[in-house]
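Thank you all for coming; I would like to walk through one model this morning, and I will put the sequence and the structure up before I say anything about them.

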Amino acid sequence: MIEKIINQSILSLVEGDITQETTNAIVNAANSSLMGGGGVDGAIHIAGGPKILEECKNIRAQSGRLPAGQAAITTAGSMKTRFVIHTVGPIWHNGDKNEPEILASCYQMSLKIAEENGCKSISFPSISTGAYGYPVSLAAPVAINTVVDFLMKDTAIQLIRFVLFSSRVFDAYAEAVRQRVEVGCSDLRK
Ligand code: ADP
């Protein structure tokens with residue numbers, strides 16, 4: 001586990017399963033259909049139960065497909081967290097289709113919705129680095145830089161945690177934190 005204090009909030013990295021989180025919200029790496037899928041999306045729908053899919057269907061009926069870089073919120077069914085924030089990451093196409101900007105938008109829009117819903121803590125998976133093929137060594141610095149930039153502004157969010165499913169992905173995010181967070185942040189590494 002790694003923890004850093006950024007402008008009075010905590011940025012934390014853990015290896016684990018995001019469906020077990022007790023933060024106020026967890027983020028789902030969904031697809032535009034919002035109808036569920038594999039990877040973390042499938043795990044969240046299984047852990048939370050059918051209520052999440054029902055709410056996703058209502059969002060679809062009202063707003064249509066969710067574009068990449070956008071986010072939408074539902075409750076969390078039977079999971080311990082209160083909300084699932086569904087965001088659609090970019091599919092990797094060699095980096096020349098605005099993938100970094102779209103990925104950054106996923107984090108920004110998720111944090112905005114979390115704030116609007118009174119969340120003080122939020123957990124993210126490594127968006128786009130599974131089925132969507134974004135190289136984790138490139139996705140990790142985008143993710144870390146975007147959330148650190150967010151925390152440098154005033155926010156009610158006190159904890160942003162990345163819940164990473166393997167040591168390989170954890171190590172990539174740890175390296176991105178090392179690159180970004182140096183002077184001015186106390187090191188609470190455990
Ligand atoms: P995408 O389609 O955005 O690439 P995936 O779900 O395929 O989404 O993969 C995103 C990341 O989520 C991968 O690093 C994958 O290993 C990870 N992941 C899968 N299941 C879980 C889980 N239960 N908790 C946290 N991360 C998970």
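Let me begin with the vocabulary of exposure: a residue is called buried under 20% relative accessible area, exposed over 50%, and partly exposed in between, with a 1.4 Å probe and the protein chains only. What you see is a predicted model, so local features need a pLDDT of at least 70, side-chain atom pairs count only at pLDDT 80 or more, and totals for chains, interfaces and linings use all residues. Residues are numbered from 1 along each chain as its sequence is written, and side-chain values use heavy atoms, with hydrogens and water left out.

I will start with the backbone. Most residues other than glycine have a negative phi. Against that background, Q8 has a positive phi, near 75°, and Q8 sits in the loop between β1 (2–6) and β2 (9–15), where strands are DSSP runs of E with at least two residues, helices are runs of H or I with at least four, and both are numbered from the N terminus. Is Q8 buried or exposed? With a relative accessible area of 77%, Q8 is exposed. L34 also has a positive phi, of about 60°, although L34 is not a glycine; L34 lies in the loop between β3 (25–30) and α1 (39–48), and L34 counts as buried because its relative accessibility is 3%.

Staying in that loop between β3 and α1, we also find S32 and G36. S32 counts as buried, at 17% relative accessibility, while G36, at 21%, counts as partly exposed. Each of these has a partner at a distance along the chain: S32 and P67 are 35 residues apart in sequence, with 5.9 Å between their C-alpha atoms, and G36 and C56 are 20 residues apart, with their C-alpha atoms separated by 8.9 Å.

Now to strand β3 itself, which holds N28. N28 is buried, since its relative accessibility is 0%, and the C-alpha atom of N28 is 6.1 Å from that of T87, although the two residues are 59 apart in sequence. A further pair of this kind is R82 and N24, which are 58 residues apart along the chain and whose C-alpha atoms are separated by 5.3 Å. R82 is found in the loop between β4 (71–75) and β5 (83–88), and R82 counts as partly exposed at 44% relative accessibility.

Let me turn to the ligand. Which residues come nearest to the ligand? There are 15 residues around the ligand, where a residue belongs if one of its heavy atoms lies within 4 Å, and D17, V40, S128, G130 and A131 come nearest. By class, this shell has eight nonpolar, six polar and one charged residues; here Ala, Val, Leu, Ile, Met, Phe, Trp, Tyr, Cys and Pro count as nonpolar, Asp, Glu, Lys and Arg as charged, and the others, Gly among them, as polar. The element that gives the most to the shell is α1, with three residues.

As for individual atoms, a nitrogen atom of the ligand is 2.8 Å from an N or O atom in the side chain of D17, and a nitrogen atom of the ligand is 3.0 Å from a polar backbone atom of I18. An oxygen atom of the ligand, in turn, is 2.9 Å from a polar backbone atom of S128. Taken alone, the ligand exposes 570 Å², and the protein buries 88% of that, with accessible areas from the Shrake-Rupley method and a 1.4 Å probe.

I will finish with S126, which is found in the loop between β6 (121–124) and α4 (136–152). S126 is buried, with a relative accessible area of 15%, and a polar contact of 2.8 Å joins its side chain to that of Y173. By polar contact I mean a pair of N or O atoms within 3.5 Å; within protein, one must be able to donate a hydrogen and the other to accept it, and residues adjacent in sequence count only if both atoms are side-chain atoms.
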